[in-house]
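Dear colleague,

Please find below the structure I agreed to hand over. A summary of what was found in it follows.

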Amino acid sequence: MNEYKILFTGTMGAGKTTAIGSVSEAAPIVTDVANTDLSLGKERTTVGLDFGLLTLASGDRIRLFGTPGQQRFDFLWKILAKSAIGLIILVDNSRSDPLADLVVYLDGFAEDLSVLPCAIGIGRLDTHPVPTLEDYIDILANRNQLVPIMSVDVRRREDVVLLIDTLLAQLEANTFGA
Amino acid sequence: MKIKKGKLAAFFGFKSQNQEESTEQKSLPVTDKPIDFGEDIHTEQPAVIDSAIADSKATEPVAINSENLLEPSTEIEEKTVEVEEKATVADPLEVEATNTEFKMATPEPTMDYEHEEEHLIVNYSKEQLAVSEEKLEEFMRVCPGAYGVLISTVDGHELLYLVKRDIPVHKISTMNSSLLALGESIARESSQKLCQFVILENSDGRVVSLRINDILMLTCISSKDTNLGMLLSVGRNTAGDLMKILS
């Protein structure tokens, strides 16, 4: 049995903790504390990491780690990205500039993204249709990055599973040379 | 619900892997190395400036310079004068502390993201902060090896701090909030209640973090000149006093 590590990152409030909780077989480990920053409009925020566990049909296990969303915790981004086999970036489309938010994480994980597969999930696209998925694709194209991107509701287990499946499919492609 | 690895092969047009092939499959490029929390943490030194407490907003992080305490002001002056008088007691440790030049470290000028302290929900009066400063002063006097003590929010915003060395207060506040949260989570997962301290024991010093209340935490940084028991005891007493002051 192998264990793989997948890292969830993205903006504060994008649903990293929720996404891990949606698919984790055991109660996820969270390190949320009271948020004292009124500008972020959220009662609690992750300052350490989230952790969940998922078993594949093959018996292999995936360890799901979530980063803090706020950029001042970027020291943890680098630590948590070590030994990960893939990265899932979640973006909250209801924020003021979600395209810039995405760029923050593309830049923050640039070194890891040069070698790791990635999938991007855009949340709240149903209630905030702009920017569109095409706008995100343009951002990625301008950076010469080809990354699967999809609309997700991280409260739905199947949406999170799809993101993970997308990562694994890329890994298979890389490993078996499709 | 289990995920089957080959399920999305068609989705991307990749070659599907069936069970027969799976016996010949290469392992995915995975390593399972332990996380090294000490690696690659970049600690740049902040600029050192002086600032008067009277000019500081109540919600801004405040650092104490021993000269600040003597500036003419109302209640703050009275309280700080009292501290100076206490410091003249013939206690060698206290006398040493009064001769120490405290420095203020700016909130990490090298970091390029926006500071958000003005949005913080913590909003204490100058009187509360002044009394809290006295407690930090007292901590530094009693612990001769201490060279930093910080009050910060549990999500990593520094509120008040006293440092004798150029240390990146902003980063230390942020990192220790992560550490304390992790420590509390580890305690919970280990079926242990009420994480009291998170202790970093290093070759030439110690860093101790503990909660003050639901939204504030205290970080004590010391060389080996203060023994651990002393650091924990004084740290706990200081946190208890601060809990009453900043409630």
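A residue is called buried here when its relative accessible area is under 20%. The model is a predicted one. Gln70(A) has a relative accessible area of 7%, and therefore counts as buried. This residue lies in the loop between strand E5 (61-66) and H2 of chain A. Its side chain makes a polar contact with the side chain of Thr45(A), at 3.2 Å.

Strand E5(A), on one side of that loop, is mostly covered, five of its six residues being buried. Six bridges join E5(A) to strand E1 (residues 3-10) of chain A in a parallel arrangement, with Tyr4(A) opposite Ile62(A). Another strand, E4 (residues 50-55) of chain A, is joined to E5(A) by six bridges and runs antiparallel to it; here Thr55(A) stands opposite Arg61(A). E4(A) and E5(A) form a hairpin with five residues between them, and Gly59(A) in the turn has a positive phi of about 100°.

As to the interior, the largest nonpolar core holds 38 residues, and those touching the most other members include Leu7(A), Ile89(A) and Phe109(A). Elements giving two or more residues to this core include helix H2 (74-81) and strand E6 (86-92) of chain A, as well as helix H6 (169-189) of chain B. H2(A) provides the largest share, six residues. Leaving aside neighbours within four places in sequence, Ile89(A) is in contact with Leu102(A), Tyr105(A) and Ile120(A), among others. A second, separate core of 28 residues includes Ile151(B), Leu160(B), Val208(B) and Leu210(B).

Yours sincerely

Methods:
Residues are numbered from 1 along each chain as its sequence is written. Chains are lettered from A and ligands numbered from 1 in the order in which they are written. This is a predicted model: local features need pLDDT of at least 70, side-chain atom pairs count only at pLDDT 80 or more; totals for chains, interfaces and linings use all residues. Side-chain values use heavy atoms; hydrogens and water are left out. A nonpolar core is a set of buried Ala, Val, Leu, Ile, Met, Phe, Trp, Tyr and Cys residues joined through side-chain atoms within 4.5 Å. Buried means under 20% relative accessible area, exposed over 50%, partly exposed in between (1.4 Å probe, protein chains only). Helices (H or I, at least four residues) and strands (E, at least two) are DSSP runs, numbered from the N terminus. Contact means heavy atoms within 4.5 Å. A polar contact is a pair of N or O atoms within 3.5 Å; within protein, one must be able to donate a hydrogen and the other to accept it, and residues adjacent in sequence count only if both atoms are side-chain atoms. Two strands pair if DSSP finds at least two bridges between them.
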